[in-house]
Amino acid sequence: MNFEDYETLPTSNVFTHMTAGAFAGVMEHCLMYPLDSVKTRMQSLLPSTTRDGVSRTLFKMVQQEGIFRPVRGMPAVVVGAGPAHAFYFSSYEYLKETMTRHTSTTRYHTAIYGLSGCISTLLHDAIMNPAEVVKQRMQMYNSPYNSVIQCMRQVYKLEGIRAFYRSYTTQLTMNIPFQSIHFMVYEAAQKITNKEHKYNPPAHMVSGAMAGAVAAAITTPLDVCKTLLNTQEGVKATGLVHAIKTVYRVGGPTGYFRGLQARILFQMPGTAICWSTYEFFKYLLTKNRFDEMRLVAPSTVLAETDSSHYLNDLISSSSSEKVSLKPRELPAMSGAGLYGSISFNTMHTADTNFTSRRRDSTILDINHT
């Protein structure tokens, strides 16, 4: 199958989208996890936290807390990102395809991409929010937790189940505009970088990086509030409004943009990896399904060496009437995986009555390879 066939393949298979989405989510979060840890540190409101750059913050984490400190909490992301992105991409593809199919013009397609992203975010965040809480508790400075399991148990014991969803409304408030902007920019960029709408890895990566950078920059203030609600580090926040007031009181207007550089550096390659991985696995899985569904094209055999005597007998037995033959070919039935391929070819006389199923008016030729 050529790359040009990519956009024309049947991609409504839910399993394909869920599998590709799960791989994309895990790849994105695991590869970019150290930068995510740096972002969480830079967004801290503790007075003792210095305002270093991305590289300096990462260097100090490794120097003071060990080489594995930037990846603490990664198992929580692996467990959460797989199913979250599986539902995220499969619901997005389904909603996008359904809504675009019922619109007569492309004028509303950009709005459809944004709306599909909004609805998909509801499913994604419902699964991912508890993992985000555990992850950021493990990432914060002087974290008292030694493992993901211990963190989950302690948070549940001391703060209850609500602690895992304390930032859910903030997460939605941030991610709904983030994902809307993300999908609209990605689809718009694809029209520029991938006009042929074929499988094009560089175009998917560039479009994903552009989408991630724009969406991350716009939604950074809400991400700072989400980090405060998840970690409860230094000051306690009970909700989105309280978090907004707390960030302003402690950090001023610039406090809303703490970790902006790290967030953009995390999201740009992260979304590039996510989209390129997703499109790759969608292409790979769809290609395999397409190849398996292809039927073996039968060869048309009308009346050759072995079957010629059947034709002569039929003509000689009909001396009083003129017989004309009409070749009719049934679709090939492929069993190449186990037994080779079998093709059926039939020929009928002009006056064949299919309801009577006359044996003397039909020639059946079976080829087995």
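How many cavities of 30 Å³ or more does the structure hold? The structure holds 2 of them, where a cavity is a set of points, on a 1 Å grid over the protein atoms alone, at which a 1.4 Å probe fits but cannot get out.

This is a predicted model, in which local features need pLDDT of at least 70 and side-chain atom pairs count only at pLDDT 80 or more, while totals for chains, interfaces and linings use all residues. Residues are numbered from 1 along each chain as its sequence is written, and side-chain values use heavy atoms, with hydrogens and water left out.

## Overall composition

The secondary structure of the protein chain comes to 11 helices and 4 strands; these are DSSP runs numbered from the N terminus, with helices (H or I) of at least four residues and strands (E) of at least two. Of the 369 residues in the protein chain, 46% are buried. Buried denotes under 20% relative accessible area, exposed over 50%, and partly exposed in between, with a 1.4 Å probe and protein chains only. Among contacts (heavy atoms within 4.5 Å) with a separation of 6 or more, 71% join residues 24 or more positions apart.

## The largest cavity

The largest cavity contains about 330 Å³ of space, the volume being the space filled by probe spheres set on grid points that are joined across faces, edges and corners. It is lined by 25 residues, of which Glu28, His29, Asn175, Gln179 and Gln267 are the closest to its centre; lining residues have an atom within 4 Å of a point. Two or more lining residues come from each of H1, helix H2 (33-42), H4, H5, H7, H8 and H10. H7 gives the most to this lining, with 6 residues.

## Nonpolar cores

A nonpolar core is a set of buried Ala, Val, Leu, Ile, Met, Phe, Trp, Tyr and Cys residues joined through side-chain atoms within 4.5 Å. The largest has 18 residues, and those with the most contacts inside it are Ala24, Phe89, Phe183, Trp275 and Tyr278. At least two residues of this core are supplied by each of helix H1 (14-31), helix H4 (74-101), helix H7 (168-193), helix H8 (201-231) and helix H10 (260-293). H7 gives the most to this core, with 5 residues.

Leaving aside neighbours within four places in sequence, Tyr278 is in contact with His17, Ala20, Gly21, Ala24, Phe89 and Glu93. Another core, of 11 residues, lies apart from the largest one and includes Val133, Met138, Ala163 and Phe164.

## Helices H1 and H5

The expected span of a helix is 1.5 Å times one less than its number of residues. H1, with 18 residues, reaches 26 Å from its first C-alpha to its last, close to the 26 Å expected. Its buried residues include His17, Ala20, Gly21 and Ala24, as well as Glu28 and His29.

Helix H5 (residues 109-139) has 31 residues, yet its end C-alpha atoms are only 39 Å apart, short of the 45 Å that a straight helix would reach. H5 bends by about 40 degrees at Met128, and Pro130 follows within four residues; the bend is the angle between axes fitted to the seven residues ending at a residue and the seven starting there. H5 is mostly covered, with 23 of its 31 residues buried.

## Individual residues

Phe87 is placed in helix H4 and, at 36% relative accessibility, counts as partly exposed. Not counting residues up to four places away in sequence, Phe87 touches Met18, Leu123 and Ile127. The C-alpha atoms of Phe87 and His124 are separated by 6.6 Å, although the two are 37 residues apart along the chain.

Val224, in helix H8, is buried, with a relative accessible area of 1%. With residues up to four places away in sequence set aside, Val224 touches Gln43, Val247, Gly255, Tyr256 and Arg258. The C-alpha atoms of Val224 and Ala243, 19 residues apart along the chain, are separated by 8.9 Å.

Most residues other than glycine have a negative phi. Two loop residues with a positive phi are tabulated below.

| Residue | Phi | Loop | Relative accessible area |
|---|---|---|---|
| Asn142 | about 55 degrees | between H5 and helix H6 (148-159) | 57%, exposed |
| His197 | about 55 degrees | between H7 and H8 | 40%, partly exposed |

Conventions: On a 1 Å grid over the protein atoms alone, a cavity is a set of points where a 1.4 Å probe fits but cannot get out, and a pocket is an open set with protein on both sides within 12 Å along at least five of seven lines; lining residues have an atom within 4 Å of a point.
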